[in-house]
Structures are given as structure tokens and as C-alpha cells.
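User: I'm new to this structure, so please pick one chain and take a close look at it for me. I'd like to hear how it is put together and how it meets its neighbour.

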Amino acid sequence: MHRIGVDVGALWTKVVLMDDAKLAGSAARRSTMNPGPQVKEMIAELTKGLNFQPSEKNCAATGVGRKNIQGTHQLTDIMAFSKGAKAIHPASRIVIDMGGQGVRLIELEPDGSMTNFITNDKCSTGTGCFLDIMAAALGVDPAMMGITSMTAKEPAIINTACTVFAESEVVTLVAKKRPKDEIIAGLNDMVAKRVAAMVGRVTTRGDVFLAGGVAMNIGVVKAIERELKKTLIVPPNPNMVGALGAAVSLGGSGAVGKGGAGKGGGP
Amino acid sequence: MITAGIDLGSTYVKCVVLVDGAVKGHAVYPTGHDHDATARIALRDAMKMAGIEQKDIGYIVSTGYGRRVTTLANETISEISANAEGTRFVAKNLSVRTILDIGGQDTKAIALDDKLNIDAFQMNDKCAAGTGRFIEALAGVLGVGIDDMGPLSLKSKAPLKITSTCTVFARSEVVTLIAEGKPKEDIIAGIHEALAKRLAAMAKKVGVKKEVFFDGGPARNVGMIKALEAEIGVKLVVPERPQIVTATGAAILAAKKLEKSGMK
């Protein structure tokens, strides 16, 4: 059976197509002011030739803009990311979603049920938006930020956490001819410290699963690993975890890529 | 006796020349990249206005974010002390007990006791949401000059709510409101209200007794004054030149220093 999961994020809209427990396709586009028609188009492209009719039974939506996607099953980001993380890496105990406009941490029980979550969507520091703004200030492609930082000898110290003030700091550092890789490494360290502080606030220990578009940035991932002194679980397409979780929430599969485990999932 | 005060802010450098207890010269310049160079230009203009030369100045005190960068000053002082001193001078005969000083990158709320000494203060330099940068960033999105924000907002009949705290998110919110065709004046009035809420909370933390003095660049904005008055619930005392209160305080502290040392 084919299922669609949609994640209408603040910056990007993601759609995945699942064929039973297998990921059959995915797409991501910049979010627009009018997500309904955009998502309809994305679904049509992914399901071309499948005679797929979107309904509440085979199509689920999450993300800040999910209410615009009518006629679908709806679930919160927290639920979607819990389910997505659990499906990809069943041993996940802490799920961190680093999205475009917010950072969330979810605590999971060994059976995958959610016990607690912390959300920061009041402040843009450490979000995808933050890194996009810094990339623009540096004249670097946002997708290249992670790789670019890897050659840094000594990360620059960024004193202010606020995105607006940090942007001024970056501009000053560029004017002082500080190498870009060192500035980016400094930004990554700052982001990592904030994420580590969030992890420090919870008591759950175990595998930490990193999701969201920011997890595509290798520099940020490595910096968080250094802060936490721990290897993180980062899926190949971390930006798709929410959409995947939405699709999985429709039931009918267990761990992704390991064959269906029957309705309700789990062993 | 002639002294000067230089306030090197993150956004503007302000300079005041004080001649025998009266402000005779003042200048305001965008900070730019070289604080020291800007400070020299500001001092030159303030001296010109006062009709004096640098050799006439007995003592110079610098304050503000970049106070240690300039080599002009004989001494530096924190902006909290300088601002309180400036307020005591500017609002001499009033019963001001609370000061709200909004800068480009920081905001200070200061409470004075009945002897006008600093009793408590709050400072926000961590988050742009409660500073002048909030208005500046959103004015940029709207394509409205910073000096036009106040007058435009007064035309608003129904201010719109800006729900985001973060300046960056508020920027996206304003972009959406513009795209929805919402009137500019209603958006601007909403921006002032959002900032006023933050500032009022700070003022209340240090305590609002008697009169509240409002200075710093945003105090030139009539819309900001109106929104703050509505939020705090008292009429604000706004000086004629709200940008130079801190620099004036630095110049006065310089004069006091000279007097104490027994020089002319």
C-alpha cells in the first residue's frame, strides 16, 4: 500500500512516498505562502502512474503549515518526529529536531512512546533560519556551510547568541579578515552548545537521534558530538524525518527498510 | 570650565561639549566600522558648534559599548552611570525615579532612589527583540525610514499583533502581513506595541515610581512613546534630544572630575 507523508515546515516543505515499509520517493521545496497547491503538485509528481487518490487513510500531514493541507490525517510535529525517529532507529531515546524556525527535543521510552519534550520556537538562534542568515552574511551557500567549516584551525568565538547581533559579529569578523571556515566553525560551536544545554536539561540517556534540515550540516553534527561526547544517530535524509513519521503514523509498518511489522508496529 | 562626553554606541556615536554647566555643542554620527575615527569627527563637530578648540577642553569622558576604543578620552565610565547622571541633569526639576534608555543593541531600565542615586538596573544586550534594532530591522523590511515610523504609526486605527518574539521571526511575520495587503501604519503600530511590551516589562522589574524618563534614539519616535505610555500606564518624560542624554552625563562627570582635582 502506498502512503504519503507531508511536513510543511517554516522554510521547507517535504513530502515522502512510502510503499509499505519502503521509502519509495521524496521531494523538498521551499515553503510558500500557499502550501495547499504546492503540496498537491508534489504528491502528484511522486505518485505519477500509481493511481493514488490522497485521503485521510493514505495521506498524513505535519509541520507548522499542516492545517493548509486539507483532507489528510493530521499530527503534531512532536508525534511525527517521534514516529519517524523510532521507525528509522528503534533504539532512539532522545530525538532532536533542528528545524528552520525551531529546535525541539523529544524524550522517548524504550517502546517509542513519548514522555516529554522541550521546544524552543521563540528564538531563532541555532535554527535553520540562523544558519541561512549567517551564510548570506558570509556569502556562502547554506548547503556548503558544514563542509566549509571542516578545515578550520581555530573556531572564532561568537559572543552573542542572538541571531541579529551574531550577524553583526560575523560582518565584523569578515571585515577583520578572519577566515570564513573559522567563523563558520565558531557559529557551529555556538549552535552545538545550545543543543547540548537542551540535552543537559533532560534525564533520559541513550541513543540521540538528530533530525531536521540543520542535521544535514556536518559541521553542526560534529560540534554537537564534541559537546555531548557522544556519537549521534543521523539518518541519510534528516530533513525527511517529519514527513516519514507522518507517513508511518498511518499504520501498517514497523521499522523502515526492514519490512512491515504489521499494524501498530513494534515487535 | 569646558569638558566633553563621548558616547560610543553600537549604532551611533554621540558627543556633547559642556561649557560652564551648559550644553553648548553636540553631534551624532552613525558608528560605522571605526569607532575612534567617528568619535573624532563627532567631537570636531560638537567643538565647532560650541566655538571652541580641543586645547580648550579640560577633560573628556567616554562611555558606551565602544568607550575603550577611543584614545580621545581621559577616562571611561559605564553607560548606566553616565545615563543616570545625564538624566539628573536633563530632568533636573522633575521627580523621575525610573529611566528607560533604549539603544541600538541594548536596553537599560534604571531605578533611582529619592536621592537620585542608582537603586537598581536591568540590562538587555542578549536579544535584539527588546532593543532599537527590532524597529530598525522591521523598518527595513517595510521600506520605511526610521524617522518616518513614528508619524506613520499614528495614522493607525487598528494596530496588528506581531506574535513573534524573535526579531528574525518578526521579520518573516511582517513580510507575510505586507503580502496580505495589510496597511503599513497598522503593521508599524503593531511593531511599536510589541517592543513596548518588552520594555514595559523591564521597567516594571526595576519598579515604576513617580515619573518615567525615556531616552535613547527610539525616544525620538512618537509612536514608540505613545505605545510605551499605553503599556506602562504613565506619561513619559522625554527630553528634547533623547539621543545625547548619556553623552551629556559623561560630560558632566568629566566636569565633576575637573572640579574635584581643583583645576580650572
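Analyst: Let's start with domains: their bounds come from an automatic or database domain assignment. This is a predicted model, where local features need pLDDT of at least 70 and side-chain atom pairs count only at pLDDT 80 or more, while totals for chains, interfaces and linings use all residues. Residues are numbered from 1 along each chain as its sequence is written, and chains are lettered from A and ligands numbered from 1 in the order in which they are written.

I'll go for chain B. Its assignment gives domain 1, made of 1–91 + 244–264, and domain 2, which covers 94–238. From the C-alpha centre of domain 1 of chain B to that of domain 2 of chain B is 26 Å.

How do these two domains of chain B meet? On one side there are 13 residues of domain 1, in contact with 18 residues of domain 2 (contact means that the C-beta atoms, placed from the backbone, lie within 7 Å). Looking at the domain 1 side, the elements that put in two or more residues are α2 (79–90) and α8 (245–260) of chain B. These labels follow DSSP runs numbered from the N terminus, with helices being H or I of at least four residues and strands E of at least two. The biggest giver to that side is α2(B), with five residues. By class, that side of domain 1 has six nonpolar, six polar and one charged residue (Ala, Val, Leu, Ile, Met, Phe, Trp, Tyr, Cys and Pro count as nonpolar, Asp, Glu, Lys and Arg as charged, and the others, Gly among them, as polar).

Now for the strands of chain B. Five of them make an open sheet of mixed pairing, ordered β3-β2-β1-β4-β5 (strands pair if DSSP finds at least two bridges between them). The edges belong to β3 (22–30) and β5 (75–76) of chain B; each has a single partner strand, so one side of each has no neighbour in the sheet. Take the β3(B) edge: β2(B), residues 12–19, runs antiparallel to β3(B), and eight bridges join the two. One of the bridge pairs there is Val19(B) with Ala22(B) of β3(B).

Further along the chain, β7(B) (107–112) and β8(B) (118–124) also pair in the antiparallel sense, over six bridges. Between these two strands sit five residues, giving a hairpin, and Leu116(B) in its turn has a positive phi of about 65 degrees. If you want a spot to look at, find Ala111(B), which stands opposite Ala120(B) in β8(B).

Next, the helices. The axes of α6(B) (184–206) and α7(B) (222–232) come within 8 Å and cross at roughly 50 degrees (axes are lines fitted to C-alpha atoms, for helices over the stretch in contact, and angles run from 0 to 180 degrees between N-to-C directions). That makes α6(B) and α7(B) oblique to each other; under 35 degrees counts as roughly parallel, over 145 as roughly antiparallel, 65 to 115 as roughly perpendicular and the rest as oblique. On the α6(B) side the contact includes Ile188(B), His192(B), Glu193(B), Leu195(B) and Lys197(B), and on the α7(B) side Met224(B), Leu228(B) and Glu231(B) are among the residues. The α6(B)–α7(B) contact splits into 11 nonpolar, two polar and three charged residues.

α6(B) has another partner in α3(B): these two pack at an angle of about 165 degrees, with axes 10 Å apart. They are therefore roughly antiparallel to each other. From α3(B) come Phe134(B), Ile135(B), Leu138(B) and Leu142(B), and from α6(B) come Lys184(B), Ile187(B), Ile188(B), Ile191(B) and Leu195(B). In class terms, that is eight nonpolar, no polar and one charged.

Finally, the neighbour. 14 residues of chain B touch 13 residues of chain A. On chain B's side, α3 (132–142) and α5 (167–179) each supply at least two residues, and α5(B) gives the most, with five. This side of chain B holds seven nonpolar, five polar and two charged residues.

For a glimpse of chain A itself, its assignment gives domain 1 (1–76 + 240–267) and domain 2 (90–234). The C-alpha centres of those two domains of chain A lie 26 Å apart, and six residues of its domain 1 and eight of its domain 2 make the contact. The domain 1 side there has five nonpolar residues, one polar and no charged.
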